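Student: Could you take me closely through the salt bridges of this protein, and say where the partners sit and how far they are covered?

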Amino acid sequence: MTEATAPLVGIVGGSRSDFPTLEAAVAVLDELGVASELRVVSAHRTPDRLFRYAEEAPGRGIRVIVAGAGGAAHLPGMLAAKTILPVIGVPIPTQHLGGLDSLLSIVQMPRGVPVATVAIGNATNAGLLAASILALGDPDLAERLAVWRARQTQAVLDDPSNTEAGQD
């Protein structure tokens, strides 16, 4: 993100150890020209900071929040409870349960507090979903997203395995 561009997507993790996973969201958003920020906001260790982040995000120009969390994974749900912005949860893989604990904690939100949830460790899809949400009101971003998706399709079609006999 350049200093002149305010972030539209807030990307937060419960600890710095979540950043290697969440950096994939930053990367795809950068590729699409969407400004983002990456911060540590812990639901358990810094609840007051979490509440401030959620409450102040709209006023700072944030339009979507991507929240990665492992284990008990309360961060996405607590953010969703404190803001009306869309929140996308990224279950962070864990040592003992492989991220299944994170996934179940994020996806099982009570009625009235929605959190969109992507696959375990798939921050790329969280970034793409955030961009898709933003693209609803930004035709230029919608076009960049369409081009990005078309490149994905073409990469599969251009795969050398598709040129073998009988694969036309």
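Tutor: What follows looks at the salt bridges one after another and ends with a nonpolar surface patch. The model is predicted, so local features need pLDDT of at least 70 and side-chain atom pairs count only at pLDDT 80 or more, while totals for chains, interfaces and linings use all residues. Residues are numbered from 1 along each chain as its sequence is written, and side-chain values use heavy atoms, with hydrogens and water left out.

A salt bridge here is a side-chain nitrogen of Lys or Arg within 4 Å of a carboxyl oxygen of Asp or Glu, and by this rule the count comes to 4 salt bridges. For cover, buried means under 20% relative accessible area, exposed over 50%, and partly exposed in between, with a 1.4 Å probe and protein chains only. Helices (H or I, at least four residues) and strands (E, at least two) are DSSP runs, numbered from the N terminus.

Glu37 is a good place to begin, and with 6% relative accessibility Glu37 counts as buried. One salt bridge joins Glu37 to Arg60, with 2.6 Å between the closest N and O atoms. Because Glu37 lies in strand β2 (residues 36-40) and Arg60 in the loop between α2 (47-56) and β3 (64-69), this pair ties together parts that are 23 residues apart in sequence. Arg60 itself is partly exposed, its relative accessible area being 34%. Glu37 also forms a salt bridge with Arg39, where the closest N and O atoms are 3.5 Å apart, and Arg39 is partly exposed at 35%.

Another salt bridge brings together the side chains of Glu55 and Lys82, at 3.0 Å from N to O. Since Glu55 lies in helix α2 and Lys82 in helix α3 (residues 75-82), the pair ties together parts that are 27 residues apart in sequence. Glu55 is partly exposed at 47% relative accessible area, and Lys82 counts as partly exposed at 31%. Returning to the earlier residues, salt bridges that share partners join Glu37, Arg39 and Arg60 into one network.

There is also a nonpolar surface patch of about 430 Å², made by Leu97, Leu100, Leu104, Val107 and Ile120. Patches are made of residues with over 30% relative accessible area and no salt bridge, like charges being joined within 9 Å and nonpolar side chains (Val, Leu, Ile, Met, Phe, Trp, Tyr) within 5 Å; accessible areas come from the Shrake-Rupley method with a 1.4 Å probe, and for residues only the protein chains shown count as cover. Ile120 lies in the loop between β5 (116-117) and α5 (123-135).
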